[in-house]
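Here is a protein model, shown below for a reader who meets it for the first time.

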Amino acid sequence: MRTVNLASGSKGNCTYIESREAKILIDEGLSYTSIKQRLKQINVEPYEIDAILLTHEHTDHIGGIANFLKRNKTTKVYIPLFVKTYDIPGINALPYNQIEWYKTSDFFIKDMTISSFLLPHDSKFCVGYSVYFDNKKVSIATDLGFVSDKVLSYIAGSNVLFLESNHDENLLLKNPKYPAKTKKRILSNEGHLSNITCGHTLAKLVKTGVVQVVLSHLSQENNTPMLAYSTVKNILARYGIIEGKNICVDVAYQDKVGTIFNF
Ligand SMILES: [Zn+2]
Ligand SMILES: [Zn+2]
């Protein structure tokens, strides 16, 4: 398998996953020019993308999908069957014959097996994904306010896990640009995961065999890659887990393609 984050954060999200036969994106919140450029950096042409799996309807995840589908007629967008069409803004802009409505239990794209699971977030719906191929597993869980045991069980044992590490709570609370209401929303159980919660979650996941995490959906206002990394690393150390030995911690960026993982 091969996976790489192409963009992560409130200005646009997209993660690439490849098996022997399939090439997919999780979300597409970038302009067509940007996504084309970023795919080119990993030697993939847009027309090769079999599917885009949608997590939820926020613009930073859905914004680029209509354009992508119009320009690439063999790419399908996958949306959970339980989602109401009126809960997806701009659904009419999506070519109808390129929409696949899937049941959330396992479904298949070529040689990939995919499961999706519900995440608590302030959107009309929100899901995370686990993608399996050849006894390997990649999972994505971003845009969630807390990590339930059920979510933990879905992402357990992932070879590569993209997990949200959105904000430093102190930076968020002190940020004069954010109204109290917004702060409350972000910190709520339907908001975004903090660096600290991400760290404690990872401590549980190391025991399940997670060896590589990519801290994702970092806020550009209330976080920095270095701060997210060091906070998570220090929390893991409290559990006796050593970064670089027991688990490797990487960071996903808004403005550039991240580390490519081949496994
Ligand atoms: Zn988001
Ligand atoms: Zn969101």
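What follows is a short exchange about strands and nonpolar cores. This is a predicted model, in which local features need pLDDT of at least 70, side-chain atom pairs count only at pLDDT 80 or more, and totals for chains, interfaces and linings use all residues. Residues are numbered from 1 along each chain as its sequence is written, and side-chain values use heavy atoms, with hydrogens and water left out.

Reader: Which strand pairs with β5 over 4 bridges?

Author: Strands (E, at least two residues) are DSSP runs numbered from the N terminus, and two of them pair if DSSP finds at least two bridges between them. Strand β4 (residues 51-53) runs parallel to β5 and is joined to it by 3 bridges, with Ile52 opposite Val77. The parallel pairing over 4 bridges, in which Ile79 has Trp101 as its bridge partner, is that of β5 with β6.

Reader: How many of the residues of β5 are buried?

Author: Buried means under 20% relative accessible area (1.4 Å probe, protein chains only). Strand β5, residues 76-80, is mostly covered, and its buried residues number 4 of 5.

Reader: Which element supplies the largest share of the largest nonpolar core?

Author: A nonpolar core is a set of buried Ala, Val, Leu, Ile, Met, Phe, Trp, Tyr and Cys residues joined through side-chain atoms within 4.5 Å. The largest one has 29 residues, and Ile35 is among those with the most contacts inside it. At least two residues each come from β1, β2, α1, α3 and β5. The largest share, 4 residues, is supplied by α3.

Terms used: Chains lettered and ligands numbered in written order. Buried < 20%, exposed > 50% of the residue type's maximum accessible area, 1.4 Å probe, protein only.
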